[in-house]
Amino acid sequence: MSALHLLPHNATPFEHALSEVLDRTPEFGPYIDSIAGLKYGEIPATFSPWVVEEYGLGPISEFFEDDAAIIEAGIPWQRVRGTPLAITKALAWLGYMAPAIEDQNDRRRKWNRYQIAMGLVPEAELPVLRDAEYIVGISDPARSAFIRGWHGYNVRALEWSEQTWGGSLWGDDSGIRLDGGTVKWSHGEDFSGSILAGTADRIALGVNVTLGGALPWGNFPWNAPGVSWNGVTDVKAFKAFQIARLPVYVGFYDAAGDAIGYRRPVAVRDTTANHDAAPGKVFFEVEARTDFGDGEGSQCASVALVFRAHNVNPAKPGKLWLEPEEIEFEDGFEADDMTLGPVAVDFAFRRTVRQHVTLTLEI
């Protein structure tokens, strides 16, 4: 609009002349008109940093390559910030496409806490989890507290009359916090495999028995199942009895075959009844779960069963994770003979991940 139109009807000729001389509308008018709606079209690169600043999108700028991407994703996020939808939008930027938010039970004193089923275990563990903790913290309601993220391994704190003792923990949920973090992370991965023991393995373990075969002197009671003074009467029963008495670890190895560490099993089960076993064959299932941080930073290429081994430190016979230098074998037995496998796997040991390995031995 020309400045002349703004003068009162009683303006003097001098005032008209002065207004016309000072009127910059012809010069700046086109630029002023072009500003209208500028933020709602294709924003020029020279102008976009100001838009990012105006909408308060600086805290999320590190997750995008350029201002255009920040604005495109950030404005919808900013409009719902402080809601569960903002959390799911933000986690999608880190690759979490299907998180599920779980509010704390309203019967609990700290009702404002919540957990998230993340939907995956990130490959680049530590940087992604730190980013997730940060970005959820600036997305959720101010009164809420993100306390735990999990996937694959989820054991909850015991609530009387709500859970079984064997399926929960006393006083806390499973997981571990990163250095300087407040969110607990609980991840798990599962692997399974089968090992077929040959004659050499059975001989090495001392379980190469046949029906009617004579029994040598051994470390077993004469009231063991499947045997009599005349020899072996039930191969499966006697073999299962002997194997169940053997100490065993699950060994983890890198691509060169060098040991990363050994984990004591959670359980060793006779599962012969679940298989169509050949005469004289038995099946044993050995289940082990590493702890958070075991072998951290190592890449595992294979696992195996390791028999007749124990901790070199007699003061800690029940230690669950043994480093390669902490294990030794019973007198007269060597590592090569007592190692059955290997079974190929491919995973990295990570701080917040418990690896669950189940090996089925057919022998």
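Visitor: Leaving aside its neighbours within four places in sequence, which residues is Thr 290 in contact with?
Guide: In this predicted model, Thr 290 sits in the loop between strand E13 (283-289) and E14. Beyond four places in sequence, the contacts of Thr 290 are Phe 252, Arg 263, Trp 321, Phe 349, Val 353, Arg 354 and Gln 355.

Visitor: Is Thr 290 buried or exposed?
Guide: A residue counts as buried when its relative accessible area is under 20%. Thr 290 has a relative accessible area of 0%, so Thr 290 is buried.

Visitor: Which residue has its backbone nitrogen 2.9 Å from a polar atom of the Thr 290 side chain?
Guide: Among the residues in contact with Thr 290 are Arg 354 and Gln 355. The backbone nitrogen that lies 2.9 Å from a polar atom of the Thr 290 side chain belongs to Gln 355.

Visitor: What separates the C-alpha atoms of Thr 290 and Gly 188 in space?
Guide: Along the chain, Thr 290 and Gly 188 are 102 residues apart. In space, the separation of their C-alpha atoms is 9.4 Å.

Visitor: What is the order of the strands in the open sheet of five?
Guide: The pairing in this sheet is antiparallel. Strand E16 (321-322) and strand E18 (339-348) each pair on one side only, as edge strands. The order is E16-E11-E10-E14-E18.

Visitor: How many residues of strand E10 are buried?
Guide: Val 248, Val 250 and Phe 252 point one way from E10, and Tyr 249, Gly 251 and Tyr 253 point the other way. In a regular strand, side chains alternate between the two faces of the sheet. Residues on both sides of E10 are buried. The count for E10 (residues 248-253) is six of six.

Visitor: In E14, which residue is the bridge partner of Val 248?
Guide: E10 and E14 pair in the antiparallel sense over six bridges. In that pairing, Val 248 has as its partner in E14 Phe 307.

Visitor: Which residue in E11 stands opposite Phe 252?
Guide: E10 is joined to strand E11 (residues 259-263) by four bridges, and the two run antiparallel. They form a hairpin with five residues between them, and Gly 257 in the turn has a positive phi of about 85 degrees. Opposite Phe 252 in E11 stands Gly 261.

Visitor: In E18, which residue is the bridge partner of Ser 302?
Guide: Strand E14 (residues 299-307) and E18 run antiparallel and are joined by six bridges. The partner of Ser 302 in E18 is Ala 344.

Visitor: Where does the largest share of the largest nonpolar core come from?
Guide: This core has 39 residues, and those touching the most other members are Val 250, Phe 252, Val 303, Leu 305 and Phe 307. The largest share is six residues, and it comes from E14.

Visitor: How many residues are in another core, which lies apart from that one?
Guide: In soluble globular proteins, nonpolar side chains tend to be buried together. Val 52, Ile 87, Tyr 114 and Trp 185 are among the members of this other core. Its number of residues is 31.

Visitor: What is the reach of helix H6 from its first C-alpha to its last?
Guide: H6 (residues 125-137) has 13 residues. Its buried residues include Leu 126, Val 128 and Leu 129, and helix H5 (84-92) and strand E2 (113-117) are among the elements that cover them. At 1.5 Å a residue the expected span is 18 Å, and the reach of H6 is close to that, at 18 Å.

Visitor: What is phi of Arg 308?
Guide: Most residues other than glycine have a negative phi. Arg 308 is found in the loop between E14 and strand E15 (309-311). Its phi is positive, near 55 degrees.

Visitor: Which peptide bond is cis, with omega near 0 degrees?
Guide: Most peptide bonds are trans. The cis bond leads to Pro 342, a residue in strand E18. It is the bond from Gly 341 to Pro 342.

Visitor: What radius of gyration does the protein chain have?
Guide: The C-alpha atoms fill a box of roughly 135 × 50 × 40 Å along the principal axes. For a compact globule of 363 residues the value would be near 21 Å, but the protein chain has 34 Å.

Definitions and conventions: Residues numbered from 1 in each chain as written. Predicted model: local features only at pLDDT ≥ 70, side-chain atom pairs only at ≥ 80, totals over all residues. Heavy atoms only, no water. Expected span 1.5 Å × (residues − 1). Buried < 20%, exposed > 50% of the residue type's maximum accessible area, 1.4 Å probe, protein only. Contact = heavy atoms within 4.5 Å. Pairing = 2+ DSSP bridges. Core = buried A, V, L, I, M, F, W, Y, C linked by side-chain atoms within 4.5 Å. Polar contact = N/O pair within 3.5 Å; in protein donor to acceptor, adjacent residues only side chain to side chain. Rg over C-alpha atoms; globule rule 2.2 N^0.38 Å.
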